[in-house]
Amino acid sequence: MSAVEKFCKANGIYKSNFFTMAYSFLLAQYNNEQESLFNTIYNGRTDKRFAHSVGMVVKTLPIFMKFTEETTVVDFLRARQELMSGCREHDIYSYSDS
């Protein structure tokens, strides 16, 4: 675990993203593909009004990742990091506005 923590810290990657992308890669390999599609969760508690609430405030997010033989591990991880940052930044989106 210390090697994972050291790698993540050196590359600016959250450990949760590291393990989610390990799953993504293994899922693709298991299916003999270079892409994977699955769902993950995000706690959705960025709004301070939810700080002391109890309830199901989990957001389900689809994750689609694609890679090639030239894709490096760090590039793969950073792409996921960027994807999740965007999801967090735009997590309050009203479906009635669409």
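## A tour from the strand pair to the first helix

Start with strands S1 and S2, which run antiparallel and are joined by eight bridges. The model is predicted. In residue numbers, S1 covers 35-42 and S2 covers 59-66.

**Along S1.** Show the side chains of S1. In a regular strand the side chains alternate between the two faces of the sheet. Ser 36, Phe 38, Thr 40 and Tyr 42 point to one face and are buried. Glu 35, Leu 37, Asn 39 and Ile 41 point to the other face and are not buried. Now pick Asn 39 and look across to S2: the residue standing opposite is Pro 62.

**Ile 63.** Stay in S2 and select Ile 63. Which residues does Ile 63 touch, not counting those up to four places away in sequence? They are Ser 36, Leu 37, Phe 38, Thr 40, Arg 80, Leu 83 and Met 84. Of these, Ser 36, Phe 38 and Thr 40 are on the buried face of S1.

**The core.** Ile 63 leads to the largest nonpolar core, which has 14 residues. Select Met 21, Ile 63, Met 65, Phe 76 and Met 84, the members with the most contacts inside this core. Helices H1 (2-11), H2 (15-30) and H3 (73-89) each supply at least two of the core residues, as do strands S1 and S2. In soluble globular proteins, nonpolar side chains tend to be buried together.

**Helix H1.** Move to H1 and select Val 4, Cys 8 and Asn 11, the buried residues of this helix. Turn the view to look down the axis of H1: its buried residues fall within an arc of 80°, so they line one face of the helix. These residues pack against H2 and H3. On the face turned away from the buried side, find the exposed residues Ser 2, Ala 3, Lys 6, Lys 9 and Ala 10. Just after H1 comes Gly 12, with a positive phi of about 65°.

**The loop between H2 and S1.** Next, select Asn 32, which is found in this loop. Its phi is also positive, about 55°, although Asn 32 is not a glycine. Is Asn 32 buried or exposed? Asn 32 is exposed, with a relative accessible area of 71%.

**Colour by confidence.** Finish by colouring the chain by pLDDT. The mean for the protein chain is 84, and 87% of its residues reach 70 or more. Among the elements, H1 has the highest mean pLDDT, 95, and H3 the lowest, 83.

Conventions. Residues numbered from 1 in each chain as written. Heavy atoms only, no water. Core = buried A, V, L, I, M, F, W, Y, C linked by side-chain atoms within 4.5 Å. Buried < 20%, exposed > 50% of the residue type's maximum accessible area, 1.4 Å probe, protein only. Helix = DSSP H or I, 4+ residues; strand = E, 2+ residues; numbered from the N terminus. Contact = heavy atoms within 4.5 Å. Arc of directions from axis to C-beta. pLDDT = per-residue confidence, 0-100. Pairing = 2+ DSSP bridges.
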